[in-house]
Each structure stands twice: as C-alpha cells, then as structure tokens.
Amino acid sequence: MDDGEHPVFGFGLDYGNELVYCEAVMQHDHYEILFNGAWIAAVAFTEDMEWIQASGALLPQSIIDEIGYRIVSQYN
C-alpha cells in the first residue's frame, strides 16, 4: 500500500490480555485496522464525534475508543 496515498501508523495495543501491534491505515472516510499485520476491522468517526466500528470482527467499544484516541493523538 502506498503510504503517501493511505498514511499508516502503528502502536502497541493490549487486546485480550495480549500485546498486539495495531496499524491504522487512513482511507477516505474510515481507517482500516490491522492487528499483527492481519486486517481486523474498519473504524470511522461519526458526525456525533464518536468512534464506531464500520465492519470486521466485533471489537469491544473500549478497544475502538482506544484506537480512536490513538488516531486523534497522532494528528494533534
């Protein structure tokens, strides 16, 4: 994937009592989320300023919120 077209960044994330390497890949209206290199979900920011899961394996809202926090922090 071209990092210029779809910026990507990664961070460690505690998921299921395991540290996984989470990557967030920017798309037009959402972020593709990979855990240890495997696609796991897509998350999006709503008009109500909340992070939601748009597709993929069902993740706890606390994980979606943490991923969203990391995404926002990356750009602040």
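Let's start with the side chain of His6, which makes a polar contact with the side chain of Gln27, at 3.3 Å. Keep in mind as we go that this is a predicted model. The His6 side chain also reaches the backbone oxygen of Met26, at 3.1 Å. Where does His6 sit along the chain? You'll find His6 in the segment before strand S1, which covers 8–15. And is His6 buried or exposed? Its relative accessibility is 19%, and buried means under 20%, so His6 counts as buried.

Now let's move on to the sheet. This is an open sheet of five strands, in the order S1-S2-S3-S4-S5, and the pairing is antiparallel. Which strands are at the edges? Those are S1 and strand S5 (51–56), each of which pairs on one side only. On average, neighbouring strands here are turned by 30° against each other, ignoring direction.

If you look at strand S2, residues 18–26, and strand S3, residues 31–35, you'll see an antiparallel pair joined by five bridges. In that part of the sheet, Cys22 stands opposite Phe35 in S3. Helix H1, residues 61–75, packs on the sheet and touches S1, S2, S3, strand S4 (38–45) and S5. The direction of H1 makes about 145° with that of S1.

Last stop, Leu13, which is in strand S1. With a relative accessible area of 3%, Leu13 is buried. What does Leu13 touch, leaving aside its neighbours within four places in sequence? Its contacts include Cys22 and Phe35, and also Ile63, Glu66 and Ile67. As for Val25, twelve residues from Leu13 in sequence, the two are 15 Å apart in space, C-alpha to C-alpha.

Technical notes
Residues are numbered from 1 along each chain as its sequence is written. This is a predicted model: local features need pLDDT of at least 70, side-chain atom pairs count only at pLDDT 80 or more; totals for chains, interfaces and linings use all residues. Side-chain values use heavy atoms; hydrogens and water are left out. Helices (H or I, at least four residues) and strands (E, at least two) are DSSP runs, numbered from the N terminus. Buried means under 20% relative accessible area, exposed over 50%, partly exposed in between (1.4 Å probe, protein chains only). A polar contact is a pair of N or O atoms within 3.5 Å; within protein, one must be able to donate a hydrogen and the other to accept it, and residues adjacent in sequence count only if both atoms are side-chain atoms. Contact means heavy atoms within 4.5 Å. Two strands pair if DSSP finds at least two bridges between them. Axes are lines fitted to C-alpha atoms, for helices over the stretch in contact, and angles run from 0 to 180 degrees between N-to-C directions.
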